[in-house]
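Thank you all for making time this morning. I would like to walk through one structure with you, taking the cysteines to begin with and then the place where two chains meet.

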Amino acid sequence: MSWLALLALAAVLTTAAPVASQTGPRQPTPDGVTIEQVVRHAALAPQIVDYEGTKILSVLRGAEMETVTLNEAHKRPARTRLDFLSPEGVAGRILIDDGLQAWHYEPRLHMVFVGPSLGPMTDAPLSFPIERYGARWLGTEEVIGRPTAVISLWPRAGGRERRLWIDRTTGVALRVEERDPADGLVLTAYFTRISFGLNLPPALFQPRPPAGARIVTQAEVTGPVLPLAVLERGVGFPVRVPQTLPGGFALLGGVPVRDGPVLAAHVQYSDGARVISLFVAPAGRFGPSGRGDAVAALGPGARTAVVGSMRLVLWDGPRTRLTLVGPLPLAELIALASAVGKAAP
Amino acid sequence: MSHPFERELSAYLDAEISPAEADEIRRHLDGCPSCQTRLEAFRETKRLLGALDAPAPPPDFEAGVLAKLAQPTRPWWLGRPRPTLALAAAALAVVLVAVPIVRDHQTRLRAAEVGPDLFMRAAVQSAAEDPFLDRAYIGLVSTDANLRLAGEDPRGGRR
């Protein structure tokens, strides 16, 4: 499918989405299209093309970058297969996600973990709120011999910059970089080879548990996102939430999360593209946590952790263990944590 | 504040909760006679359990047992001397009380250990609606969390 045909399809789908047709970076690029069109084209690409390639992923963990090599296969619209190659600790790991269920095989343990899909197909690409982002055209570059458009996106409310090297033919991001204002480069992912339009066989995305493998079924998220009052009744304890939110974010609702000894309320906030998660659980169910780094601003026992794009802050409120996870800078998550339980100004 | 749970009172007595939680329970106790009574009962139970000694058997205990074994006429427990029965009852009481306390303590430690991984996995899955969040990154974080929740180091080696 050509670049122009894909753009035309993206334009049709974009027109169907009410949010998409409002405002956005209309700056024209040297290609004669706007940045908004290029970004929407990239957001829709996984629903339009199949691909298979080798990817290098580098992720900040604490103070160090970890690099992982894997084969990534994608079949439109929402099937993904990851075969991890290196380092040795992850080699042989397989993840197959069919858009409904995720299946993870760990060869070292000869175990299969079955759980909910990691990336179910939604209408998010259609409603991607580009008007809430600053965008800049950084030019064109070749990545593994393919011409790409290089776009920089950053939330207008402040936060992490994301650079995308978007394949001009297919719209697939061949390289992604995320830069945090405080930590610098926190995530890099790029293909070292890729093949498109293969119409990959469905069998590649069919989980086949090896003989004798132990199968562990994970606790599923119990139902749709609920209003807070319903969520409180479901989990059986009060759910305290922040009264003020970062710019552009709004409450989506929440779901109960259960796994072994843990029962928590998972409250979600979104600005249309980024999601912040607040987990509230009775403190009596938790002992002190030794993970991550201490953060004095939120009291004794408060900790923070960094895993690539995501930041985690956990702390104790009155009779409550709270955990915030999101792609915001740590300082913003800590400020949000401080607002939990306080009255709105 | 509503009445604290048994496990919260237990954790309060063992100083296994944060200072903020302890303050809140203390404030509740100041105005709640029924919880004061529950706390005292808990404290007394723990004190008694802690004060239990294992009584030494009488000097002729072993010879007596062997002699009784040679006379299989009555049910074994009817022939037990009273101190032995008391010791067995005390041991059973210790087990019945201590096992739930120890198990509760272990459960809290386990929850504290796996909680961040469970929450990180759930958050990353929620964040997957971001069309530009790298799929391989989501896969790596989620599969690492699966292993931690199973008590395994994601990069090899038993935790």
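Let me start with disulfides, keeping in mind that this is a predicted model: the count over all chains comes to zero. Why is C32(B) not bonded to the closest cysteine sulfur? That closest sulfur belongs to C35(B) and lies 3.5 Å away, which is too far for a bond, because a disulfide needs the two sulfur atoms within 2.5 Å. Seen from the other side, C35(B) is likewise in no disulfide, its nearest cysteine sulfur being that of C32(B). As for their surroundings, C32(B) counts as buried at 6% relative accessibility, and C35(B) is also buried, with a relative accessible area of 0%.

Now let me turn to the interface, where 61 residues of chain B are in contact with 73 residues of chain A. Between them the two chains bury about 5,500 Å², and 65% of that area is on carbon and sulfur atoms.

There are also five salt bridges between chain B and chain A, and among the pairs that form one is R155(B) with E66(A), whose closest N and O atoms are 2.5 Å apart. Polar contacts between the chains come to eleven residue pairs, counted where both residues are at pLDDT 80 or more.

Which elements of chain B give two or more residues to the side that touches chain A? They are α1, α2, α5 and α6, and α5(B) gives the most, with 21 residues. By residue type, that side of chain B divides into 29 nonpolar, 13 polar and 19 charged residues.

Definitions and conventions:
Residues numbered from 1 in each chain as written. Chains lettered and ligands numbered in written order. Predicted model: local features only at pLDDT ≥ 70, side-chain atom pairs only at ≥ 80, totals over all residues. Heavy atoms only, no water. Contact = heavy atoms within 4.5 Å. Buried area = accessible area lost by both parts, 1.4 Å probe. Salt bridge = Lys/Arg side-chain N within 4 Å of Asp/Glu carboxyl O. Polar contact = N/O pair within 3.5 Å; in protein donor to acceptor, adjacent residues only side chain to side chain. Helix = DSSP H or I, 4+ residues; strand = E, 2+ residues; numbered from the N terminus. Nonpolar A, V, L, I, M, F, W, Y, C, P; charged D, E, K, R; others polar. Buried < 20%, exposed > 50% of the residue type's maximum accessible area, 1.4 Å probe, protein only.
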